[in-house]
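Q: I am new to this structure and would like a close look at one part of it, namely the aromatic pairs and their surroundings. Please take me through it slowly.

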Amino acid sequence: MLGFLKKRRKGRKVTLALGGGSARGLAHIGVLRVLEREKIAIDRIVGTSMGAMIGAAYSIGVPIKEMEDKAYGFSVNKLLDPTFRGMGLLVGNRLEANIRNLIDSKTFADCKIPLSVVTTDIESGDEIVHQSGDLIKIVRATCSWPGIFEPVRVGGRLLCDGGIKNSVPAKIARELTPDNYILAVDVGFCVRHGKMENIFQIILQSLQIIGEELNKYQSGIADCAIKVDLPEIDQVAFNRSREVVVKGAEATEAKIAQIKKDLRL
């Protein structure tokens with residue numbers, strides 16, 4: 001699957017910045033399918049939240065078809081392990097089990113493509129970039145929405161979703177690889193258009209609007225941003241995973257000519 005990566009091309013290297021989005025983030029699978037088909041070699045992956053989970057799987061060599069099959073069997077119920085203690089509504093053990101099901105017990109050292117995972121230290125507000133350590137725990141941390149999943153203690157820091165500060169980690173990708181071609185994937189947020197009827201809808205809508213604006217800013221740092229159009233598909237719509245993956249592929253098809261031109265392929 002990654003055999004063509006052994007034949008390194010001449011010219012500018014590519015860093016892929018994969019953003020968050022939970023169910024919407026499954027669009028990254030479609031993006032990777034097209035990039036692989038077109039033999040766009042990836043030299044580094046920087047991931048946040050679901051982008052880190054999919055990026056980790058790809059970097060260790062999990063085939064696209066296997067990622068798709070597992071994504072299509074996923075559901076919100078497979079995440080539910082409620083708790084009434086601690087710092088989240090869900091413990092996160094079932095989240096970790098799903099991550100392990102996808103990437104096994106692999107480590108950063110097993111990555112065929114160098115991988116950087118972005119988390120947020122909720123106690124300090126610092127963004128943390130991981131390139132070593134317990135890969136499963138770190139991916140679990142970056143997938144842990146504050147208040148929903150309990151944060152994860154790693155190396156003395158209390159870590160949660162990297163998307164708080166880096167919903168599309170293009171800035172981190174630029175800092176890590178300043179000479180590379182930064183290709184970002186923005187799966188967006190589900191901003192509704194309609195009447196708000198209660199406080200919970202107001203709060204959720206506010207977070208979606210803030211996230212969408214952050215994505216626009218951070219995507220602009222990249223040399224090229226693949227914006228996946230997912231209208232009315234929210235972050236827990238795992239029942240629409242097939243549609244999400246197709247949308248990711250379609251958005252990449254629309255950008256592939258530009259990418260090849262930029263890279264002189």
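A: A good place to begin, before the rings themselves, is with isoleucine 60, which is buried because its relative accessible area is 8%, under the 20% cut-off for that class. Isoleucine 60 belongs to helix 2, which covers residues 50–60. Once its neighbours within four places in sequence are set aside, isoleucine 60 is in contact with Ile103, Lys106, Asp110, Cys111 and Lys112. The C-alpha atoms of isoleucine 60 and aspartate 104 are 9.9 Å apart in space, although 44 residues separate the two in sequence.

All of this is read from a predicted model, in which the average pLDDT of the protein is 90 and 95% of the residues score at least 70. Some care is needed over residues 3–8, where pLDDT stays under 50 and where the model has ten contacts beyond four places in sequence.

Turning to the aromatic rings, a search of the whole structure finds two pairs. One of them joins phenylalanine 74 and phenylalanine 238, whose ring centres lie 4.7 Å apart and whose planes meet at 70°, so this pair is edge-to-face. Phenylalanine 74 sits in the loop between helix 3 (64–72) and strand 3 (88–90), while phenylalanine 238 sits in the loop between strand 10 (224–227) and helix 8 (241–263), and the pair therefore ties together parts that are 164 residues apart in sequence. Both of these residues, phenylalanine 74 and phenylalanine 238, are buried.

The rings of tryptophan 145 and phenylalanine 149 also form a pair, with centres 6.2 Å apart and planes at 70°, so that pair too is edge-to-face. Here the two partners fall into separate classes of exposure, since tryptophan 145 has a relative accessible area of 24% and is partly exposed, whereas phenylalanine 149, with a relative accessible area of 4%, is buried.

For a buried residue outside the aromatic pairs, consider threonine 120, which counts as buried at 2% relative accessibility and lies in strand 4, made up of residues 115–121. A polar atom of the threonine 120 side chain lies 2.9 Å from the backbone oxygen of aspartate 161. Not counting residues up to four places away in sequence, threonine 120 touches Gly125, Asp126, Leu158, Leu159, Cys160, Asp161, Gly162, Ile164 and Lys165, a list in which aspartate 161 appears again.

Conventions: Residues are numbered from 1 along each chain as its sequence is written. This is a predicted model: local features need pLDDT of at least 70, side-chain atom pairs count only at pLDDT 80 or more; totals for chains, interfaces and linings use all residues. Side-chain values use heavy atoms; hydrogens and water are left out. pLDDT is the predictor's confidence in each residue, from 0 to 100. Contact means heavy atoms within 4.5 Å. Helices (H or I, at least four residues) and strands (E, at least two) are DSSP runs, numbered from the N terminus. Buried means under 20% relative accessible area, exposed over 50%, partly exposed in between (1.4 Å probe, protein chains only). A polar contact is a pair of N or O atoms within 3.5 Å; within protein, one must be able to donate a hydrogen and the other to accept it, and residues adjacent in sequence count only if both atoms are side-chain atoms. Rings of Phe, Tyr and Trp (its six-membered ring) pair if their centres lie within 6.5 Å; planes under 30 degrees apart count as stacked, over 60 as edge-to-face and the rest as tilted.
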